[in-house]
Amino acid sequence: SKTQDWWRRSTVYQVYPKSFMDTTGSGEGDIRGLTGKLDYLQQLGIDIIWLQPVYVSPQNDNGYDVADYCQINPEFGTMADFDELMEGVQSRGMHLMLDIVVNHSSTEHRWFQASKSSKDNPYRDYYIWKDPKPDGGPPNNWQSKFGGSAWQYDEATGQYFLTLFDKTQADLNWENPAVREEVVKLMKFWADKGVSGFRMDVINLISKDQAFPDDDGSILPGDGRRYYTDGPRVHEYVKGLYEQVFGPYNAITVGEMSSTTLEHCLRYSNPDEKEFSMTFNFHHLKVDYPNGQKWELMPYDFEALKSLLSRWQQGMQEGGGWNALFFNNHDQPRALSRFADDGRYRVESAKMLATTLHGLQGTPYVYQGEEIGMPNPHWTDMSELRDIESRNMYGILLERGKTPEEAMDIIRERSRDNSRTPMQWNDSPQAGFTTGTPWIKVDERYQEINVQQQLDDPDSILHHYRKLIGLRKSLAVLTDGRYERLDEGHPQVFAYARVSDKETLVVVSNFSGQSATFKLPESFAEAALAGKSYELLIANTEMVPELGTELKLSPYASCMWVIN
Ligand code: TEU
């Protein structure tokens with residue numbers, strides 16, 4: 001049954017290696033930096049480490065542009081360093097999950113270099129090449145997710161090739177069985193080295209509508225997503241990977257699903273389907289996008305956040321799927337700044353978001369820095385930004401008529417660089433991340449926000465995460481309790497229960513900077529509390545209300561009780 005899979009009670013820690021720990025003074029993190037921090041992660045209670053790409057890459061998209069899938073990028077170290085990391089992980093009884101980026105490769109990959117060399121090269125069909133339209137323009141009007149056309153023209157062979165992301169990230173042609181075989185081979189290479197799992201980058205984009213039709217613009221001009229998202233053969237392709245790799249190696253897998261649906265995620269993550277162990281979906285991280293537009297600003301919609309989380313909790317539970325739970329990653333601004341308060345109530349807010357997320361059903365992911373309450377940095381100038389998407393979008397925003405200040409305000413809130421500044425280890429220069437000049441600036445608040453200071457403070461955000469991670473291992477209701485939303489449209493409070501036949505969990509969180517009162521629904525309170533005793537499991541304030549029917553909550557207060 002569900003609870004038998006150990007990874008359903010585990011917590012995954014996401015490492016962005018470029019910003020985690022530098023041991024050479026290069027100003028960029030490296031593999032040995034992670035190896036040196038395994039004890040820190042083990043003490044946190046982490047079971048699985050998701051290591052983001054360290055393969056050979058020109059780093060145009062910080063490693064998501066892979067030029068050799070089976071070689072370590074010298075900037076991060078050597079294969080011997082990787083083997084040492086693998087040994088360190090295994091000797092601590094932990095697991096390593098690697099990032100597999102196979103919707104596209106770098107245009108510097110030897111496959112692409114051969115493919116572009118001539119139309120009849122055996123590698124030509126490893127990628128998606130199309131003739132220009134009669135007027136010489138691109139094959140269709142699809143736009144890249146990083147701005148601009150999704151097609152790049154190649155003079156030498158007079159054709160365009162598809163790039164859904166950066167123009168140096170060429171989409172692989174999964175219709176070609178040779179490509180599918182290459183992917184199986186490269187995953188086996190890492191599985192044979194002891195890697196326990198894989199995070200599959202934008203994996204639901206690999207099957208394109210082979211007509212490559214123009215987008216009719218009914219959603220957004222040139223959107224194109226509907227012609228390659230959860231495409232016609234995507235489940236067939238994923239089942240093939242399960243059959244040849246995930247199953248035989250008993251791998252733990254998570255599919256990153258860009259713009260997907262609940263129905264597809266049930267097919268991707270129900271164990272009977274033999275596809276993935278779990279899926280990331282992003283609907284709850286678009287509640288501050290005005291009509292789905294990332295590059296416009298609006299306050300986030302609290303009710304939308306709660307109803308989307310609830311819909312996915314109930315839907316995945318009813319359909320036998322499994323959620324990867326997250327509020328943060330390397331592509332998102334820090335949730336602390338986005339959904340709560342990174343100023344006066346920073347500590348309460350960070351703990352509130354952690355308790356709210358870790359009480360849900362699924363496998364929680366902790367993104368580096370989240371566990372110490374790192375906020376969005378203060379950006380003063382575009383020259384501080386590194387992310388290809390942000391740099392492209394700054395120019396596009398100006399073209400759309402925004403002033404430099406307006407464009408900077410949008411970039412400040414939306415840039416992926418918000419989560420990519422160096423991990424803050426201690427209050428020494430550069431937060432102990434590097435002895436050199438960091439590739440991207442360290443946030444100036446590192447003296448008050450760092451690992452060392454929080455290891456020494458039992459009441460820190462760090463110890464709050466450690467407790468939550470420990471609770472998940474010991475409390476079965478966190479894994480298999482049925483989700484039930486308890487607040488109906490409360491303007492400040494998100495409250496839910498997790499119900500199993502043995503015990504009931506209650507989580508109540510005030511998402512506002514004002515005090516709030518909240519009443520448990522009468523029917524629920526009677527049924528759950530009658531004749532039962534309850535115990536507070538974790539809270540972020542001294543003043544913890546009694547679990548009666550009227551709760552008084554201080555700003556950003558968040559409590560988790562168990563009733564049994
Ligand atoms: O992300 C894909 C993705 O959905 C986001 O990048 C999103 O499309 C983007 O932020 C625009 O809003 C994965 C990786 O996580 C990301 O770092 C890579 O840049 C991308 O794929 C291409 O490999």
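Which residues of the largest nonpolar core touch the most other members? Of its 127 residues, these are Y13, I49, F82, L96, F198, M200 and Y365. A nonpolar core is here a set of buried Ala, Val, Leu, Ile, Met, Phe, Trp, Tyr and Cys residues joined through side-chain atoms within 4.5 Å. Buried means under 20% relative accessible area, exposed means over 50%, and partly exposed lies in between, with a 1.4 Å probe and protein chains only.

The model is predicted, so local features need pLDDT of at least 70 and side-chain atom pairs count only at pLDDT 80 or more, whereas totals for chains, interfaces and linings use all residues. Residues are numbered from 1 along each chain as its sequence is written, and side-chain values use heavy atoms, with hydrogens and water left out.

**The nonpolar cores**

Helix α5 (residues 177–191) gives the largest share of the 127-residue core, namely 7 residues. Helices (H or I, at least four residues) and strands (E, at least two) are DSSP runs, numbered from the N terminus. Another core, of 20 residues, lies apart from the largest one and has L486, A516, L529 and C559 among its members.

I49 is in contact with Y13, V15, L34, L38, L41, V89, M94, H95, L96 and M97, when its neighbours within four places in sequence are left aside. Contact means heavy atoms within 4.5 Å.

**Parallel strand pairs**

Several of these core residues can be placed on strands. Two strands pair if DSSP finds at least two bridges between them. The table lists four parallel pairs, each with one pair of bridge partners.

| Strand pair | Bridges | Bridge partners |
|---|---|---|
| β1 (residues 12–15) and β15 | 3 bridges | Y13 and V366 |
| β14 (residues 324–325) and β15 | 2 bridges | L325 and P364 |
| β2 (residues 48–51) and β5 | 4 bridges | I49 and L96 |
| β5 and β11 (residues 197–200) | 4 bridges | I100 and M200 |

β15 (363–367) pairs with both β1 and β14. All of this strand is covered, as 5 of its 5 residues are buried. In a regular strand the side chains alternate between the two faces of the sheet. On one side of β15, T363, Y365 and Y367 are buried, and on the other side P364 and V366 are buried as well.

β5 (residues 95–100) is mostly covered, with 5 of its 6 residues buried. It runs parallel to β2 and also to β11.

**Q368, after strand β15**

Q368 is found in the loop between β15 and α11. Is this residue buried or exposed? Q368 is buried, with a relative accessible area of 1%. Beyond its neighbours within four places in sequence, Q368 is in contact with Y13, Q14, V15, Y16, S19, F20, R334 and M423.

**An antiparallel sheet**

Strands of a sheet pair through backbone hydrogen bonds, either parallel or antiparallel. An open sheet of 3 strands has the order β7-β9-β8, and its pairing is antiparallel. β7 (129–130) and β8 (151–154) are the edge strands, each of which pairs on one side only. Between β7 and β9 (residues 159–162) there are 2 bridges, and W129 stands opposite F161 in β9.

**Helices α11 and α12**

The axes of α11 (residues 388–399) and α12 (residues 404–414) come within 9 Å and cross at roughly 145°. Axes are lines fitted to C-alpha atoms, for helices over the stretch in contact, and angles run from 0 to 180 degrees between N-to-C directions. The crossing is right-handed; a crossing is left-handed if the near helix is turned anticlockwise from the far one by less than a right angle, and right-handed if clockwise.

From α11, the residues S390, M393, Y394, L397 and L398 make the contact, and from α12 the residues P404, A407, M408, I410 and I411 do so. These residues divide into 9 nonpolar, 1 polar and no charged. Ala, Val, Leu, Ile, Met, Phe, Trp, Tyr, Cys and Pro count as nonpolar, Asp, Glu, Lys and Arg as charged, and the others, Gly among them, as polar.

**Two residues with positive phi**

Most residues other than glycine have a negative phi. N250 has a positive phi near 55° and lies in the loop between α6 (234–249) and β12 (252–256). At 67% relative accessibility, N250 counts as exposed.

A431 also has a positive phi, near 60°, and its place is in the loop between α12 and α13 (451–455). A431 is buried, with a relative accessible area of 0%.
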